Amino acid sequence: MVTENHYPLLSELTTHQKEKIAELRAKTKDILATYPEYDTDFSLLRWLMGWDYNIDVIVPKMRYAIETLVNLGMNKHQPETIEQINADIKNMSNVAEYFPGGIMGQSRTGDVVYLQAMAKAHPKSLVKAGATSQLYQLCISETEMSFKVIRKEEQKTGRKLGVIIIMDLDGFNTDLLYTPTLKVYMSLLTMLQGIFPDFARKIFIINCPMMMSAVYSVVSPVLSVQTREKVRFLDKEWKIHLIEEIGDENIFTHWGGSKKAEHPCGDIRMGGKVPETLWYNDTHKLEGDRTKVSVSARSKTEIKMIGETGKHFHWLWRVSSGDIDFSIEKDGRVVWPVFRCLTEFHPEIGSFKIEEAGEYKFIFDNSHGKIFGKDVKYKIVME
């Protein structure tokens, strides 16, 4: 059996890989047509490698992924530089800068280098300052924009590339294990792996605390086997190792490199406690009288509304306990992504521009609930 190179040149693709890419492209040509930029051999190969070439499993997952990216407008967004990507993410929300992370640049081989300073987050204030869906949108958009950089580089080099992730745990403390946010983070990891298969080339964990083995045992079950195989815990010489892997000139000075920027951390978001002035305070215009619906376990409820072209739907809702899946459909198509939302500390607030008149279905889905039903109090208006 021929061993396949995981990061091949186009000229090195095997006959088996070429046949599978062609088969997957043929079975998904309609959804690929909604996002032409996504339709590359290496984009499809990532799906094939991520799911062991099982096309029957891949097709529905890939449809959901591209559908989600299109719903978030990624097919229409084309950042020119990495600096623009980092700026775009910060502009997505007034609390985005308090969710640590950002693209540091590219390695010498062209892989995107993403730095996640997770220990700088302050979960207890983050949950009060933004809706769950805001975090999902931010992270999905940031990851897809990373892949826009990768696809451009792949087009130039003719070689499959990926993302090098650096997880910096400097300053780690037990507050980061706050149960409500840990649950959201686990859902986020699951979602990102579903939308971006085979995304990480390498994952380096630096500044590890003594208790990291216990923390990793909590997180690792939601990581795919392929992702777990790429995780490396670096010792105290981690700066030397990162320079060897990425290049001194591609690493900001805070992490031991020589990359110049106004700040030692460059434009990486470094978190911190969210000021109370940014916490939700129940003064939103849609607060007040809301409609209550009960959603039984293993079921869903649909709210139907007629939309007029050019107007917007606006919504605010809370679920009585736990989480629930929320999405919007029109004519059987998902036009607002399926997000599993927790509203204990912040209601779900959002808007949607109506580009096509007709009936829309707002869906509250508790199919993942095995025993308990959930009450949702919502208000949806069109303006």
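Two strands pair if DSSP finds at least two bridges between them. Strands (E, at least two residues) and helices (H or I, at least four) are DSSP runs, numbered from the N terminus. Strand β8 (residues 312–319) pairs with β11 in the antiparallel sense, over six bridges. One of the partnerships links H312 to K353 in β11.

This is a predicted model, in which local features need pLDDT of at least 70 and side-chain atom pairs count only at pLDDT 80 or more, while totals for chains, interfaces and linings use all residues. Residues are numbered from 1 along each chain as its sequence is written, and side-chain values use heavy atoms, with hydrogens and water left out.

## Strands and their faces

Start with a general pattern. In a regular strand, side chains alternate between the two faces of the sheet. Now look at β7. T301, I303, M305 and G307 point to one face and are buried. Buried means under 20% relative accessible area, exposed means over 50%, and partly exposed lies in between (1.4 Å probe, protein chains only). K300, E302, K304 and I306 of β7 point to the other face and are not buried.

Strand β11 (residues 348–353) also has two faces. E348, G350 and F352 make up the covered one. I349, S351 and K353 make up the uncovered one.

## A four-stranded sheet

In what order do the four strands of the open sheet stand? The order is β7-β12-β9-β10, with antiparallel pairing. β7 and β10 (333–342) stand at the edges, each with a single partner strand, so one side of each has no neighbour in the sheet. From one strand to the next, the twist averages 15°.

β7 and β12 pair over eight bridges, in the antiparallel sense. K300 has D365 in β12 as its bridge partner. For I306, the bridge partner in β12 is E359.

## Salt bridges

Side chains of opposite charge can pair when their charged atoms come close. A salt bridge here is a side-chain nitrogen of Lys or Arg within 4 Å of a carboxyl oxygen of Asp or Glu. The structure holds 29 of these salt bridges. The table lists three of them, with the distance between N and O.

| Salt bridge | N to O distance |
|---|---|
| K120 and D170 | 3.9 Å |
| K202 and E245 | 2.7 Å |
| E302 and K361 | 3.8 Å |

Take K120 and D170, which form a salt bridge. K120 lies in the loop between β2 (112–116) and α6 (123–126), and D170 in the loop between β3 (163–168) and α8, so the pair ties together parts that are 50 residues apart in sequence. K120 is partly exposed, with a relative accessible area of 30%. D170 is partly exposed too, at 36%.

Next come K202 and E245, whose side chains meet in a salt bridge. K202 is in strand β4 (residues 200–206) and E245 in helix α11 (residues 238–246), so this pair ties together parts 43 residues apart in sequence. K202 counts as partly exposed at 29% relative accessibility. E245 counts as partly exposed at 24%.

E302 and K361 also form a salt bridge. E302 lies in strand β7 (residues 300–307) and K361 in strand β12 (residues 358–365), so the pair ties together parts that are 59 residues apart in sequence. The relative accessible area of E302 is 34%, which is partly exposed. K361 is partly exposed at 26% relative accessibility. Elsewhere, salt bridges that share partners join E37, E144, K148 and R151 into one network.

## Two helices cross

Helix α7 (residues 132–157) and helix α8 (residues 179–195) have axes that come within 11 Å and cross at roughly 35°. Axes are lines fitted to C-alpha atoms, for helices over the stretch in contact, and angles run from 0 to 180 degrees between N-to-C directions.

Which residues of α7 meet α8? They are T132, L135, Y136, C139, I140 and T143. Their counterparts in α8 are V184, S187, L188, M191, L192 and I195. Contact means heavy atoms within 4.5 Å.

## A buried loop residue

A96 sits in the loop between α5 (82–90) and β1 (102–106). Is A96 buried or exposed? A96 is buried, with a relative accessible area of 1%. A96 touches I89, K90, L138 and R269, not counting residues up to four places away in sequence. V222 is 126 residues from A96 along the chain, and their C-alpha atoms are separated by 24 Å.
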